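Here's a quick look at one helix and its surroundings, plus a pair of packed helices. Have the model open as you read.

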Amino acid sequence: MRTKINIAVIGAGRIGRLHAEHLAYRIGGARLVAITDLRKEAAEECAANLGVPQAFQDHRRVLDDPEVQAVVICSSTDTHASLIADAAAAGKHIFCEKPIALDLAQIDSALDTVAAAGVKLQVGFNRRFDPNFRRIWALVREGTIGETHLLRIASRDPAPPPIDYIKVSGGIFLDMMIHDFDMARYLIDDEVRELYAVGGVRVDPKIGKAGDIDTAVVTLKFANGCFGTIDNSRQAVYGYDQRAEVFGAKGMVSTENNTPNRSRLSTSEGVREDLPLYFFMERYTESYLNEMNAFIECIIEEKDPPVTGQDARVPVVMGKAAGLSYEQNRPVTLSEIS
Ligand SMILES: NC(=O)c1ccc[n+]([C@@H]2O[C@H](COP(=O)([O-])OP(=O)(O)OC[C@H]3O[C@@H](n4cnc5c(N)ncnc54)[C@H](O)[C@@H]3O)[C@@H](O)[C@H]2O)c1
């Protein structure tokens, strides 16, 4: 019979419910045995909806259970580092949503506990598992477009999050652009040495009053000589805009937005197609499924996780470097941060 990994989800909020549904129905190698949430009713509701046998308020209930082999941490960011430490000490393999923490010392300490325990840790940089972006990555790696010269990433949300969220999010570079920093390293398959950030408030003055910006452009210089740009807006009126392009000595590869269907209506008035899929839950469903399958596979096959602790750390360094660059209006090398 096929091996199944007994797994528990910690945190039954937006992303926790999505991962729980995948684990309950769509990940052949996993058996979802419990859900925990500080809000016990959230854990109970999620478990009842998915036919999961156990729901707890205290995450220690799953860490103390020898039957549970792995946990998926989907609680709020400020809890990730301590939950990783607890889970590693209990000998559980760990999938943790990004970021591990906004503080580098906390990230390092969590990674140390994982290394000491010898458990697997995969962090939720799901866009790496999106088929479009994976295709760019593969073509760059196999040299099809030759030496890379330019990277362009456009990443714009359909609408800003609530102001209360903005206040605690860590700001646009750590909360939103962190995914794009990860994509930049992933697509070019190289490290960024230096970056320069500009930005401002173009969408909503309340975001500025909360201490953040809503529009930003960051230029990147990679160690291999490639240059990149990332642009972010917290509001694209036409929906979630997620595009990337890599240009190299032998050609160019780019991706367009995913739409609900591929039909295109042509009339005497013009040519129309549907708007992009609305937001990350719709746009990246397949990537969330793929990343969880990869995590379970690395436990079953005793392989290293495809997104490492270092992959979790570097985008936070880049986010901090971008924040410093924006504040001081100058290029910042990553070595200044880490
Ligand atoms: N990879 C992605 O695309 C993606 C998308 C959304 C969110 N996230 C990340 O996932 C995390 C959760 O985000 P969300 O939008 O689902 O938040 P959310 O607020 O909807 O859910 C968080 C849940 O965790 C629970 N919780 C808090 N502390 C807990 C603890 N100690 N034990 C158990 N449960 C606890 C809360 O009660 C809440 O139900 C964040 O770190 C966020 O950055 C990643």
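On the side of H6 facing away from its buried residues sit Arg135 and Arg141, both exposed (exposed is over 50% relative accessible area, buried under 20%, partly exposed in between, with a 1.4 Å probe and protein chains only). Keep in mind that this is a predicted model, where local features need pLDDT of at least 70, side-chain atom pairs count only at pLDDT 80 or more, and totals for chains, interfaces and linings use all residues. Residues are numbered from 1 along each chain as its sequence is written, and side-chain values use heavy atoms, with hydrogens and water left out.

H6 covers residues 131–141, and its buried residues are Phe133, Ile136, Leu139 and Val140. Looking down the H6 axis, these fall within an arc of 125°, so they line one face of the helix (the arc is taken from the directions from the helix axis to the C-beta atoms). Helices (H or I, at least four residues) and strands (E, at least two) are DSSP runs, numbered from the N terminus.

Here are elements included in the cover over that buried side, where contact means heavy atoms within 4.5 Å:

| Element | Residues |
|---|---|
| strand S7 | 148–156 |
| helix H9 | 177–188 |
| strand S11 | 241–248 |
| strand S12 | 251–255 |
| helix H11 | 280–283 |

Now the ends of H6. At its start, a side-chain oxygen of Asp130 comes to within 3.1 Å of the backbone nitrogen of Asn132. Just after H6, Gly143 has a positive phi of about 85°.

Elsewhere, Ala81, Ile84, Ala85 and Ala88 of H4 meet residues of H5, including Ala110 and Val114.

Methods
Polar contact = N/O pair within 3.5 Å; in protein donor to acceptor, adjacent residues only side chain to side chain.
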